[in-house]
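Visitor: I have the sequence and the coordinates open side by side. Could you walk me through some of the side-chain contacts?

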Amino acid sequence: MNSPEIPVPRPSGSQPPAADGGIAVQTPAPDAHNPSGRTFLGQPGPLANLFSVELWERFSFYGMQGILAIYMYFAVADGGLGIDETAALGIVGAYGGSVYLFSILGALVSDRLLGAERTLLGSAVMIMLGHIALALVPGIPGLMAGLLLVGVGSGGLKSTAATLVGSLYSRDDPRRDAGFSIYYMGINIGGLLGPLITGVAQQQWGFHLGFGLAAIGMAVGLTQYVLTRKGLPASVHTVPDPLPRAQYSRWAGIGIGTVVLVLVLVLTGVLNAHNLATVVAGLAVIGAVGIFALLLTSKKLDGDERSRVVSFIPLFVGTSAFFALFQQQFTVITLYSDTRLDREVLGWEMPISWVQSFNPFFIIVLAPLLAALWTKLGPRQPGTPRKFGVGIILMGSAFLLFLPMASVAAVPVLWIAMIMLVATIGELWLSPVGLSLATKLAPRAYPVMMMALYNLAVALGTSLSGALAGFYSAETEVAYFGALGAVTIMIGVVMLVIARPVSRGMRGVR
């Protein structure tokens, strides 16, 4: 889950608390970045709008994902679809990976067709419709329609929301980093509340009410956004690189052809639930190889830029390895929570999805502390490759912590909380650093391509989390967690060993 890089201080000159304990609203002269002139926690007023829509979108996304796997593999008599466990976990991994693939499509639509603001609006509508489909349309048709709409919509929103936040600030605005930290807190608050609320709804009243609450949450965020979107700066309504109208028919044909090809592959059984995660992983690899080849052969890059692209290759591999384990909180760890965890507390059984709220809770608590540490250390803090190495080692270590419980019939909830704590600390060493690094290593001629590569690394790891889940069972538990944990720790150690040459290859970028 995305996390902030720095604490959230109240910038100097921001409005003090009002007499009634709320935040006083100041109304300075409007400017191009903040047409309304209003403020929110000392930030441009429209940040409150984007904070809210992202909070509700993450509420709906993680609320739905928290109960998605069990909805698929629970028996029909229990309200599920009765899909084979291995296939269900593979679908969850493929779906999660596809969101990051669709984020690249969303970026293209934003930059060439609709602009960031309209792309975000359309994406939010698709997400809401997807949750409605899951809530109201029974069986496999509802599942397919819901996941497709939520996947495409989440990809489009992911690729544009941060752009809209950035549009609220000039490049030299000292409030910029604090504003992004507030925005990212919205992500994690939504990620915390979603599984908690939909999990209780699913346990008490069934899956479809849980999906319905996700739809209601997205509807709340969308309604609030529509009512206040006029306060966004004019720049977000423009299309940066419009696609020439003469090319519309060609790209429409490519799009229709792609959809037809996918339908044929599904109907003929070539593409199915059991290999979907592997196919998505393959697409991520093909996309990454293509982008690396484009960048490394382009004459628009100078020597330093080409060296930085090469230095990102081991970081791409490390990111994929990290997320292949980390994203198993939605696949294997969901199954583990259902079958191996003692979720009873004082006679009440905790919903399965609540385990997925540990991660955002720990982020909210720990992210400001770790960010404050990096700020205090300044130039003495570890370089990015070393942070990657530590983060990957921590993630592998989290998997090894499953081993002491292998012979325990009912694993305590606090044990899985400890595992997620170690995994979250690893995430804080790697994820926000990777996001920042992708923007810093980007060549001038291809500013978006490095972020596309980072998203492809996450897509590859997330889809692998579904593909690997096919090897898990209660009988293979020790071998599964032991092997994946050990291999991942070895990758982290290699990252530490090559940290110095990778840092040199980054040519001045830390």
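Guide: Let us begin with glutamate 305, which touches Lys300, Pro443 and Arg444 once residues up to four places away in sequence are left out of the count. Please keep in mind throughout that this is a predicted model.

Visitor: Where is glutamate 305 found, and is it buried or exposed?

Guide: Glutamate 305 is found in helix α9, and with a relative accessible area of 3% it is buried, because buried means under 20%.

Visitor: And how many Å is glutamate 305 from isoleucine 67 in space?

Guide: Measuring from C-alpha to C-alpha in the model, glutamate 305 and isoleucine 67 are 44 Å apart, and in sequence they are separated by 238 residues.

Visitor: Switching to charges, then. How many salt bridges does the structure hold?

Guide: There are 9 salt bridges in the structure. One of them joins the side chains of arginine 229 and glutamate 117, with 2.7 Å from N to O.

Visitor: Which parts of the chain does that pair tie together?

Guide: Arginine 229 is in the loop between α6 (207-228) and α7 (248-267), while glutamate 117 belongs to helix α3 (residues 116-136), so the salt bridge ties together parts that are 112 residues apart in sequence. As for accessibility, arginine 229 counts as partly exposed at 25%, whereas glutamate 117 is buried at 0%.

Visitor: Helix α9 came up earlier. What does aspartate 304 pair with?

Guide: Aspartate 304 forms a salt bridge with arginine 507, and their closest N and O atoms are 2.5 Å apart. This pair links distant parts of the chain, since aspartate 304 is in helix α9 (residues 303-326) and arginine 507 is in the segment after α16 (499-505), 203 residues apart. Arginine 507 is partly exposed at 39% relative accessibility, and aspartate 304 is partly exposed too, with a relative accessible area of 35%.

Visitor: What about glutamate 477 and arginine 340, are they buried or exposed?

Guide: Both glutamate 477 and arginine 340 are buried, and they form a salt bridge in which the closest N and O atoms are 2.9 Å apart. Glutamate 477 lies in helix α15 (residues 477-497) and arginine 340 in the loop between α10 and β3 (341-342), so this bridge ties together parts that are 137 residues apart in sequence.

Visitor: Which residues do shared salt-bridge partners join into a network?

Guide: Glu54, Glu57 and Arg58 are joined into one network by salt bridges that share partners. Arginine 58 also has its charged end over the ring of phenylalanine 61, 4.3 Å from the ring centre. Another charge over a ring is that of lysine 387, whose charged end sits 4.1 Å from the centre of the ring of tryptophan 374.

Visitor: On to the rings themselves, then. How many aromatic pairs are there?

Guide: The count comes to 24 aromatic pairs. Among them, tyrosine 336 and phenylalanine 402 are edge-to-face, with 5.0 Å from centre to centre and 75° between the planes. Tyrosine 336 lies in helix α10 (residues 332-339) and phenylalanine 402 in the loop between α12 (384-400) and β6 (411-412), so the two rings tie together parts that are 66 residues apart in sequence. Tyrosine 336 and phenylalanine 402 are both buried.

Visitor: Why does the pair of tyrosine 472 and tyrosine 480 count as edge-to-face?

Guide: Their planes stand at 70°, with the ring centres 5.5 Å apart, so the pair is edge-to-face, for which the angle has to be over 60 degrees. Tyrosine 472 and tyrosine 480 are each buried.

Visitor: Which residues form the aromatic cluster?

Guide: Tyr336, Phe399, Phe402, Tyr472, Tyr480 and Phe481 form one aromatic cluster.

Methods:
Residues numbered from 1 in each chain as written. Predicted model: local features only at pLDDT ≥ 70, side-chain atom pairs only at ≥ 80, totals over all residues. Heavy atoms only, no water. Phe/Tyr/Trp six-rings, centres within 6.5 Å; stacked < 30°, edge-to-face > 60°. Helix = DSSP H or I, 4+ residues; strand = E, 2+ residues; numbered from the N terminus. Buried < 20%, exposed > 50% of the residue type's maximum accessible area, 1.4 Å probe, protein only. Lys NZ or Arg CZ within 6 Å of the ring centre and 35° of its normal. Salt bridge = Lys/Arg side-chain N within 4 Å of Asp/Glu carboxyl O. Contact = heavy atoms within 4.5 Å.
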